[in-house]
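Good morning, colleagues. Please turn to the structure on the screen, and I shall take you through several of its local features.

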Amino acid sequence: MALISCKDVSLGYEGKTVVENLNFEINDGDYLYILGENGSGKSTLMKTLLGLRNPMSGTILYGLNHNEIGYLPQQTIVQRDFPASVKEIVMSGFLNHCGLRPFYSKDEKRIARENMEKLGISDLKKRCYRELSGGQQQRVLLARALCATTKLIVLDEPVAGLDPKVTAEMYDLINNLNKEGITVVMVSHDIQAAMTYATKILYVSDKPQFFDSKKKYINSEIGKVFLNDTSE
C-alpha cells in the first residue's frame, strides 16, 4: 500500500476551491517535488496531507499514521527567535509519540543524539536556537522532523533565504536521507533542484496538472512550458 494515496481530491478554504481532482500516490522511497505557481494550492495540499485541513472532496488514504510524518515548515520571524536550546527543539519531535508520558525515553534520547550527529549539530546541542545561523536552524528543524519519523518527511521550502553554499549542503543532507530510506516530499519553487533530486514530480494547477516520473515531466508539455519559463 502507498504511504499516501490521493484520489479525485479537491482542495480549498473558506468555501473556495483552489485545485480539483488531484490524483497521485506517494510510495516508500519516493523523492517527490510539488511544483506550481504561487497560489496554485501547494501549501493547501501540504496542510491537507499533514491532516491540518480536510479535502473538500475526494479520498486520501494513508498507509501510515499522521504522527509518523516528519514536518519541516517555513519559518516565521517569531519562530526564528524561539528561546530554547537546540537539544530541546530536536527532542520536541517526539512529542506526538509521548501521549501522557511526561518524559522522553532512553531510546528517544539516543535517536535524538544520532540525528544531531547525522546532521552535524551535536556541538550545538546546548546553544540557544535563536543564536544560530539560518542554515544551522534548518538543520535543527530537520533533526526534529527525523525524530518524528523513520518513514516520511514533508519539507516546505527548506532552503528559503539560505545562501548558495548552505543551500547546496542542505540539499545534499536531504538527498542522503532519501538514499537511506526516508521518503521525501518537497514543496519548492526551485525547479533546478527538482530536476537534480526528484524521482517524481507533482505539478499543481487549476488545470492541467501533472503527476509522474521526473523523466516524463521533462518531456511533457507542462514540463516544457514550466522549464522554459524558469530558464528565461
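**Backbone, helix and loops**

I begin with D8, which is found in strand β1, residues 4-13. Please bear in mind throughout that this is a predicted model. The phi of D8 is near 50°, a positive value in a residue other than glycine. Is D8 buried, partly exposed or exposed? Its relative accessibility is 45%, so D8 counts as partly exposed.

A second residue belongs in this discussion. E157 also is not a glycine, and its phi is positive, at about 45°. Its place is the loop between β6 (152-156) and α7 (164-179). With a relative accessible area of 14%, E157 is buried, because the cut-off for that class is under 20%.

I turn next to helix α6, which covers residues 134-148. How far apart are its end C-alpha atoms? They are 22 Å apart, and this agrees with the 21 Å that 15 residues should span at 1.5 Å a residue. Of those 15 residues, 11 are buried, so the helix is largely enclosed by the rest of the structure. Among the buried residues of α6 are G135, V140, L141, L142 and L146. The list also includes two polar side chains by name, Q137 and Q138, and it includes C147 and A148.

C147 leads me to the cysteines. Its relative accessible area is 4%, so C147 is buried. C6 likewise counts as buried, because its relative accessibility is 2%. How many disulfides does the structure hold? The number is zero.

A148, at the other side of this account, brings us to E68. Where does E68 lie? It is in the loop between β4 (57-62) and β5 (69-72). Its relative accessible area is 19%, so E68 is classed as buried, the cut-off being under 20%. Leaving out residues up to four places away in sequence, E68 touches A148, T149, K151 and L152. With K151 there is a polar contact between the two side chains, at 3.1 Å.

I close with S205, another loop residue, placed between β8 (200-203) and β9 (210-213). Which residues does S205 contact, once its neighbours within four places in sequence are set aside? They are V19 and S40. The relative accessibility of S205 is 11%, and S205 therefore counts as buried.

Thank you for your attention.

Note on methods:
Residues are numbered from 1 along each chain as its sequence is written. This is a predicted model: local features need pLDDT of at least 70, side-chain atom pairs count only at pLDDT 80 or more; totals for chains, interfaces and linings use all residues. Side-chain values use heavy atoms; hydrogens and water are left out. Helices (H or I, at least four residues) and strands (E, at least two) are DSSP runs, numbered from the N terminus. Buried means under 20% relative accessible area, exposed over 50%, partly exposed in between (1.4 Å probe, protein chains only). Contact means heavy atoms within 4.5 Å. A polar contact is a pair of N or O atoms within 3.5 Å; within protein, one must be able to donate a hydrogen and the other to accept it, and residues adjacent in sequence count only if both atoms are side-chain atoms. The expected span of a helix is 1.5 Å times one less than its number of residues. A disulfide is a pair of cysteine sulfur atoms within 2.5 Å.
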